[in-house]
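The exercises below are meant to be worked with the sequence and the coordinates open side by side. Try each task before reading the solution that follows.

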Amino acid sequence: MLLQRIFASVMLLVCAGLALMAWPYQASFSYEPVGPRAYPLLMLGLMSLGLLYMLFRPQPTKHTEEEPALDRETLIKIGICVVLLLIFAGTFESLGFILSSMLIGIPMARLYGGRWLPGAVIITLMSVGLYLLFDKAMDVPLPLGLLDVLEN
């Protein structure tokens, strides 16, 4: 219980520090409906609410037998997920949203038991669909990267 409260306290301090860093940010132009500052502040606020609950709840979190154990295999999967997300962040601009989403989505589906063909089809459709949703419907520009030749 004490370790959970210490973790929550440290993460609350991290959230506060990140919020202080994000608060003064002002973009010279606004390319999103809510602006570039609202999203990180909203996420930090939601995370802080969860951490406050974790800090002040009356009993510790009890794990049931139905939950997966935090064993070596699970930790390896978490590590692979982190590496895939770092690859996504590194290739987002150069490859573009669609290709980088496919690049990390298909291995992620395989990592959690998906089959190759259905995983590839679904990830491809989701990548294109999410691109169209954000870029066209919500007017949030996403990079096309190598697929830039398809635009107009």
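**Exercise 1.** Find which residues Leu12 is in contact with, leaving aside its neighbours within four places in sequence, and place Leu12 in the largest nonpolar core.

*Solution.* Begin with the contacts: in this predicted model, Leu12 is in contact with Ser48, Leu51, Leu52 and Leu55 once the neighbours within four places in sequence are left aside. Next, turn to the largest nonpolar core, which has six residues in all, namely Ala8, Leu12, Cys15, Leu44, Leu51 and Leu55. The elements that give two or more residues to this core are H1 and helix H2, the latter covering 38–56. As a general background to this step, nonpolar side chains tend to be buried together in soluble globular proteins.

**Exercise 2.** Decide whether Cys15 is buried or exposed, list what Cys15 touches beyond four places in sequence, and state how many disulfides the model has.

*Solution.* Start with the location, since Cys15 lies in helix H1. Its relative accessible area is 1%, and because buried means under 20%, Cys15 counts as buried. Not counting residues up to four places away in sequence, Cys15 touches Leu44, Met47, Ser48 and Leu51. For a distance along the backbone, take Cys15 and Met43, which are 28 residues apart in sequence, with their C-alpha atoms 9.5 Å apart in space. Then consider Cys81, which has a relative accessible area of 13% and is therefore buried under the 20% cut-off. Finally, with a pair of cysteine sulfur atoms required to lie within 2.5 Å, the count of disulfides comes to zero.

**Exercise 3.** Classify Leu2 by its relative accessibility, and name the residues that make the nonpolar surface patch to which Leu2 belongs.

*Solution.* Leu2 is found in helix H1, which spans residues 2–22. At 61% relative accessibility Leu2 counts as exposed, because the class begins over 50%. The patch is then made by Leu2, Leu3, Ile6, Val10, Val14, Leu18 and Met21, with an area of about 710 Å².

**Exercise 4.** Locate Val121 in its helix, assign its exposure class, and give the C-alpha separation between Val121 and Met102.

*Solution.* Val121 is found in helix H5, residues 116–137. With a relative accessible area of 42%, Val121 is partly exposed, because this value falls between the limits of 20% and 50%. The C-alpha atoms of Val121 and Met102 are separated by 9.7 Å, although the two residues are 19 residues apart along the chain.

How values were computed. Residues numbered from 1 in each chain as written. Predicted model: local features only at pLDDT ≥ 70, side-chain atom pairs only at ≥ 80, totals over all residues. Heavy atoms only, no water. Patch = residues over 30% accessible without salt bridge, like charges linked within 9 Å, V, L, I, M, F, W, Y side chains within 5 Å. Areas by Shrake-Rupley, 256 points an atom, 1.4 Å probe, with all protein chains shown as cover. Salt bridge = Lys/Arg side-chain N within 4 Å of Asp/Glu carboxyl O. Helix = DSSP H or I, 4+ residues; strand = E, 2+ residues; numbered from the N terminus. Buried < 20%, exposed > 50% of the residue type's maximum accessible area, 1.4 Å probe, protein only. Core = buried A, V, L, I, M, F, W, Y, C linked by side-chain atoms within 4.5 Å. Contact = heavy atoms within 4.5 Å.
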